[in-house]
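Here is a friendly set of questions and answers to work through with the model open beside you. Take each one at your own pace.

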Amino acid sequence: QVQLVESGGGLVQPGGSLRLSCAASGSILSINDMRWYRQAPGTQRELVAGVTSGGSTNYADSVKGRFTISRDNAKNTVYLQINSLRPEDTAVYYCYARIRPSLYTFRDYWGQGTQVTVSS
């Protein structure tokens, strides 16, 4: 059984910073892409940032220059450093990973979500 567990969300003032973490655990042979998505009330879930197993990254235009995604392959963990937070960044942030739990299987896994609220 594979699980993704997120942490690091919270309430922060505009201009502040947060660091989100997402650790994968369980039966894992390898992990391909790891990503962060977010979903604000009344909107669709959107891709925020992604990182490949080789370390290549991509970002949504709205977060470029403010968000940094990284991963620690030894710990099966992906991070999202969020700086210069804005009220419009308020959302539930979800971790995603494409994981190989067995030799011939790849599956998509999601975390439970962590709330980020930006407000003064």
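Q: Which strand holds Tyr 79?
A: This is a predicted model, and its secondary structure gives us a place to start. Tyr 79 lies within residues 77-82, and that run is strand β8.

Q: Is Tyr 79 buried or exposed?
A: The relative accessible area of Tyr 79 is 13%. Buried means under 20%. Tyr 79 therefore counts as buried.

Q: How far apart are the C-alpha atoms of Tyr 79 and Trp 36?
A: Apart from its neighbours within four places in sequence, Tyr 79 has a list of contacts that includes Arg 19, Leu 20, Ser 21 and Trp 36. Trp 36 is 43 residues away from Tyr 79 along the chain. In space, their C-alpha atoms are separated by 8.7 Å.

Q: What is the phi of Asn 76, and where is this residue placed?
A: Most residues other than glycine have a negative phi. Asn 76 is not a glycine, yet its phi is positive. Its place is in the loop between β7 (67-72) and β8, and the phi is about 50°.

Q: Is Asn 76 buried, exposed or partly exposed?
A: Buried means under 20% and exposed over 50%, with partly exposed in between. Asn 76 has a relative accessibility of 24%, so it counts as partly exposed.

Q: Which loop holds Ser 84, and what is its relative accessible area?
A: Ser 84 has a positive phi near 50°, in a residue other than glycine. It is found in the loop between β8 and β9 (91-102). Ser 84 is partly exposed, and its relative accessible area is 41%.

Q: How many bridges join β4 to β5, and which residue in the turn has a positive phi?
A: Strand β4 (residues 30-39) and strand β5 (residues 46-51) run antiparallel, joined by five bridges. They form a hairpin with six residues between them. The turn residue with a positive phi, about 80°, is Gly 42.

Q: Which residue stands opposite Val 51 in β6?
A: Val 51 faces Met 34 on the β4 side. β5 also pairs with strand β6 (residues 57-59) in the antiparallel sense, over three bridges. These two strands form a hairpin with five residues between them, and Gly 55 in the turn has a positive phi of about 100°. In β6, the residue opposite Val 51 is Thr 57.

Q: Which side chains of β11 point to the buried face?
A: Along strand β11 (residues 114-118) the side chains alternate. Gln 115 and Thr 117 point to one face and are not buried. The buried ones, on the other face, are Thr 114, Val 116 and Val 118.

Q: In which sense does β11 pair with β2, and in which with β9?
A: Strand β2 (residues 10-12) pairs with β11 over three bridges, with Gly 10 opposite Val 116. Three bridges also join β9 to β11, and Val 92 has Gln 115 as its bridge partner. The pairing with β2 is parallel, and that with β9 is antiparallel.

Q: Which cysteines form the disulfide, and what is its handedness?
A: The sulfur atoms of Cys 22 and Cys 95 are 2.1 Å apart, and the pair forms a disulfide. The pair links distant parts of the chain, with Cys 22 in strand β3 (residues 18-25) and Cys 95 in strand β9, 73 residues apart. Both cysteines are buried. With -80° about the S-S bond, the link of Cys 22 and Cys 95 is left-handed.

Definitions and conventions:
Residues numbered from 1 in each chain as written. Predicted model: local features only at pLDDT ≥ 70, side-chain atom pairs only at ≥ 80, totals over all residues. Heavy atoms only, no water. Helix = DSSP H or I, 4+ residues; strand = E, 2+ residues; numbered from the N terminus. Buried < 20%, exposed > 50% of the residue type's maximum accessible area, 1.4 Å probe, protein only. Contact = heavy atoms within 4.5 Å. Pairing = 2+ DSSP bridges. Disulfide = S-S within 2.5 Å.
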